[in-house]
Amino acid sequence: MEQITKLSTFAKDTKKGLSAHPKFLLPKYFYDDKGSKIFQDIMQMPEYYLTDCEFEILTNHQTEMMQLFGQESTLFDLVELGSGDGLKTKILLKHFVKNKIRFNYVAIDISHEANEMLERKLRTELPALKTEFKTGDYFEMMNALNRDSDNSKVFLFLGSNIGNFMEDERHRFLSQLSKIIRRNDKLLIGFDLKKSKEVILKAYNDPHGHTRAFNLNHLVRINKELDANFDTETFRHVAHYNEDSGETKSFLVSGKKQSVYIGALENNVHFLKDEPIYMELSQKFDLEEIHQLARSYGFAIEKNFTDSRNYFVDSLWIKK
Ligand code: AVJ
């Protein structure tokens, strides 16, 4: 198929995913402005335990984190990858500002609107905080970040965002981080831990329908931005958890045989009845796997912070 106009990356990725067998879409495209808002609804529901766990961890360990991040009381950059609404990070930011720690907060997010909202909130709630905001995907932004200041850095990669990466992406990501991170830098990285199937499936297939709406919004985005005609009502949302591998997968399944026209691709996509689109991986880990990951990319674990239920860990890594 010859394309007359140049396709956007979103169009290309959509084309690639919907012509693959089995079909897939990339989770980074969940976060248009609407999707970022739906994700905030997800984080606020009790079934989505990840946010509560990390809230608990950051609240209980803010003082220790402050000591570990700001060791030599020299100015450092606190760089957050995927800052979103910043609600959890604000626990640390407030505590650090109150204690007159010298640092800049650098927030990186794929959603421009999320960035703007966070900027506004921080300006009123923490006017003394020095901030910088960057919009883009992790990989592009990390390259740009590559030493734009000489300050030592503490990277935050919270929320088990790492769980979204397929193995090869995770490899690229951790290799790149490992290259950027210097001897006095640190990385606080969140991992959702393997646990009972019931708990996980309730978080990813919630009774309020937020997760379903989050997934369907990806199709809505394709409709809007790529001029397509998905009838979202004909797709159901399904989540699977594999207790051995820790893979949690989300799908949208076509309820009937149908064709969808995607204007920007000048093409139809055909669905069989019950054919799935693989929407998202939310990988779960155990402590041994986390240890292995750290080691294989040249890091040592300085400390693991866990919640009272042992559902989640924020792992503090240093360069060996
Ligand atoms: C933002 C990738 C951590 O996988 O748990 C939540 C996204 N998807 N519910 C996750 C998500 C469905 C979330 N991460």
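These are my notebook entries on a predicted model, covering the ligand site, the nonpolar cores, some polar side chains and some backbone details.

**Entry 1: the ligand and its shell**

I started with the ligand and asked which residues are the closest to it. The shell consists of 13 residues, and the closest of them are Y48, G159, Y204, E280 and S282. I then looked up the polar atoms of three of these side chains. For Y48, I find a polar side-chain atom 2.5 Å from an oxygen atom of the ligand, and for Y204 the corresponding distance to a ligand oxygen is 2.4 Å. The side chain of E280 has an N or O atom that lies 2.7 Å from a nitrogen atom of the ligand. As for cover, the ligand taken alone exposes 350 Å², of which the protein buries 98%. I also noted which elements give two or more residues to the shell, and these are α2, spanning 33-44, and α10. Sorted by class, the shell holds 6 nonpolar and 6 polar residues, together with 1 charged residue.

**Entry 2: N164, next to E280**

From E280 I moved on to N164, which I placed in the loop that runs between β5 (152-157) and α8 (167-180). Is N164 buried or exposed? I record N164 as buried, because its relative accessibility is 19% and the cut-off for buried is under 20%. The side chain of N164 makes a polar contact of 2.9 Å with the side chain of E280, the residue whose side chain also has an N or O atom 2.7 Å from a ligand nitrogen. A polar atom of the N164 side chain lies, in addition, 2.8 Å from the backbone oxygen of L281. Leaving out residues up to four places away in sequence, I list P27, E169, E280, L281 and S282 as touching N164, and S282 is itself among the closest residues to the ligand. I also checked N164 against K284: they are 120 residues apart along the chain, yet their C-alpha atoms are separated by 9.8 Å.

**Entry 3: the nonpolar cores**

Next I looked up the largest nonpolar core, which has 65 residues, and asked which of its members touch the most others. They are Y48, F69, L78, Y105, L188 and F230, so Y48 appears here as well as among the closest residues to the ligand, a pairing I note given that membership of a core requires a buried residue. I followed F69 further: apart from its neighbours within four places in sequence, F69 is in contact with F76, L78, L92, F96, V154, L156, L188 and L316. A second core, separate from the largest one, has 30 residues, including V106, F155, F165 and V313.

**Entry 4: K90, a buried lysine**

I then turned to K90, which sits in helix α5, residues 89-98. K90 counts as buried because its relative accessibility is 8%, against a cut-off of under 20%. What does the side chain of K90 make a polar contact with? The partner is the side chain of E125, at 3.0 Å. Beyond residues up to four places away in sequence, K90 touches K121, L122 and E125.

**Entry 5: the loop after α10**

Helix α10 (210-226) and strand β7 (235-241) are joined by a loop that holds T232 and also D227. I compared the exposure of the two residues: T232 is buried, with a relative accessible area of 18%, whereas D227 counts as exposed at 54%. Setting aside neighbours within four places in sequence, T232 is in contact with R212, L216, L219 and V220.

**Entry 6: backbone details**

Most residues other than glycine have a negative phi, and most peptide bonds are trans. I looked for departures from this pattern and noted three. D227 has a positive phi of about 60 degrees, although it is not a glycine. D274, also not a glycine, has a positive phi of about 70 degrees; D274 is found in the loop between β10 and β11 (276-281) and is partly exposed, with a relative accessible area of 39%. The peptide bond that joins H21 and P22 is cis, with omega at about -5 degrees, and P22 lies in the loop between α1 (9-19) and β1 (23-24).

Note on methods. Residues numbered from 1 in each chain as written. Predicted model: local features only at pLDDT ≥ 70, side-chain atom pairs only at ≥ 80, totals over all residues. Heavy atoms only, no water. Helix = DSSP H or I, 4+ residues; strand = E, 2+ residues; numbered from the N terminus. Buried < 20%, exposed > 50% of the residue type's maximum accessible area, 1.4 Å probe, protein only. Contact = heavy atoms within 4.5 Å. Near = heavy atom within 4 Å. Polar contact = N/O pair within 3.5 Å; in protein donor to acceptor, adjacent residues only side chain to side chain. Areas by Shrake-Rupley, 256 points an atom, 1.4 Å probe, with all protein chains shown as cover. Nonpolar A, V, L, I, M, F, W, Y, C, P; charged D, E, K, R; others polar. Core = buried A, V, L, I, M, F, W, Y, C linked by side-chain atoms within 4.5 Å.
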